[in-house]
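Colleague: Could you walk me through this model? I would like to hear the reasoning behind each label.

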Amino acid sequence: MSEKVLAAVRVAPGTTEMREFDRPNIDDDSALLRIEVAGICGTDVKLYSNPPTTRATQGPVIMGHENVGVIVEAGEKFKKRQGLKEGDRVFVEHYVACFSCEWCRIGEYRHCEATDWRTNPDARRFGYTSADFPGTLWGGFSEYMYLPWNAVLHKIPDTVTAEEAGLVMPLSNGIEWALLTAGIGYNDTVLIQGPGQQGLAQLVAAKTAGAAQVIVSGTTRDKARFELAKELGADEVIDVLTEDPREKIMDLTNGRGLDYVLDCTSRAGTAPVLLGVDVLKRREGTLLIQGELAAFPDFPVKQVTEKAITIKSARGHSFNACELAVAQLASHRYPLEKLATHRYGIDQVDHAIRVLAGETDEDAIHVSMMPEMIGQPGGAVR
């Protein structure tokens, strides 16, 4: 194994350089992961152009927080603690928690302040932490990644490929938000706004849970995504630019409205939330939002109150959601591999992020970054 590691490093907003780092020393309670796939999502798009400015996230940052790879070196204490060994393929959650606070003790380590860069200037999180900190390789856009004792890992079965395993995070978010947070279940009616990787993951989760009617909305440019949504089980799709979404939803539900509305749009403003409030059923519907907006002028509090709407926020994923995502992928019940539409070498990080951001003519749902493709042309999966 080489003593040097090649990685793509964010050195300024919207700027990446390829750099070499020394391979970190692995002690009795740490490990080294050979990266096979690092996925890109909408969070990467935001953090690439507007990076966090806390102490732990400043300086050179190796991004990449949806990471799958093979353990190539591990200390004995690490292996015993994790129940893993060299040669195991794992999915790595991006949280690096303390496992001693009140949140960690109840299994909600995603809320641990040790991994929350918004409130803790010294937080650790894969894909966010500066390479200046001990361990150096804190992100997946690299040949290797450092794993401390408190990394959260999920073993991937042999029946799931590395690229399929790269979908664990978006799928786990879909399961967390649609099922565990919103509470969708048997015979429910659902609107999912936005047919991107998170929206399609929520679609799969809702159909698996037994939802009776799942409607997916988007825009005219989402034509190919609508076709995939139907293949994944969507009962209806709505182009909000060519159809009146409220009218169609009320027609499809015989005037009743919906039990759940899940907003998974990006840069769509207040319109999806306002539509959600409007098309939920007469009483006690549930609206799930991502909180993309810093402010919401003229929010319809009166209508929300009169309809007794429950508003919940989509925030991260739990250990259980990741395990369910792995099981879903292993079942091969749905053609989830079709979500992985593009792949690139880590020397093309800048371009790949811009593809997912919609800055090119390519329409990517989920992008797989692969160190093994360095120097090769990337693009849509053939």
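Colleague: Which residue forms a salt bridge with Arg19?

Modeller: Glu17 does, with the closest N and O atoms 3.4 Å apart. A salt bridge here is a side-chain nitrogen of Lys or Arg within 4 Å of a carboxyl oxygen of Asp or Glu, so the pair qualifies at 3.4 Å. Before we go on: this is a predicted model, where local features need pLDDT of at least 70, side-chain atom pairs count only at pLDDT 80 or more, and totals for chains, interfaces and linings use all residues. Residues are numbered from 1 along each chain as its sequence is written, and side-chain values use heavy atoms, with hydrogens and water left out.

Colleague: Why is Arg19 called partly exposed?

Modeller: Buried means under 20% relative accessible area and exposed over 50%, with partly exposed in between (1.4 Å probe, protein chains only). Arg19 has 33% relative accessibility, so it counts as partly exposed. Its partner Glu17 gets that label too, because its value is 36%.

Colleague: What makes Lys85 and Asp88 a salt bridge?

Modeller: Their side chains meet at 3.1 Å, N to O, so the pair satisfies the 4 Å limit.

Colleague: And is Asp88 buried or exposed?

Modeller: Asp88 is buried, because its relative accessible area is 6%. Lys85, at 46%, is partly exposed.

Colleague: Where do Glu227 and Lys230 lie?

Modeller: Both are in helix H7, residues 223–231, and sit 3 residues apart, about one turn of the helix. Helices (H or I, at least four residues) and strands (E, at least two) are DSSP runs, numbered from the N terminus. The closest N and O atoms of this pair are 3.9 Å apart, so it is a salt bridge under the 4 Å rule. Glu227 is partly exposed at 46%, and Lys230 is partly exposed at 44%. Elsewhere, Glu3, Arg23 and Glu73 are joined into one network by salt bridges that share partners.

Colleague: How many salt bridges does the structure hold?

Modeller: There are 27.

Colleague: How do you know that the radius of gyration agrees with a compact globule?

Modeller: The radius is taken over C-alpha atoms, and the globule rule is 2.2 Å times the number of residues to the power 0.38. For 382 residues the rule gives a value near 21 Å, and the chain has 21 Å, so the two agree. The C-alpha trace spans about 65 × 45 × 40 Å along its principal axes. The chain has 12 helices and 16 strands, and 57% of its residues count as buried.
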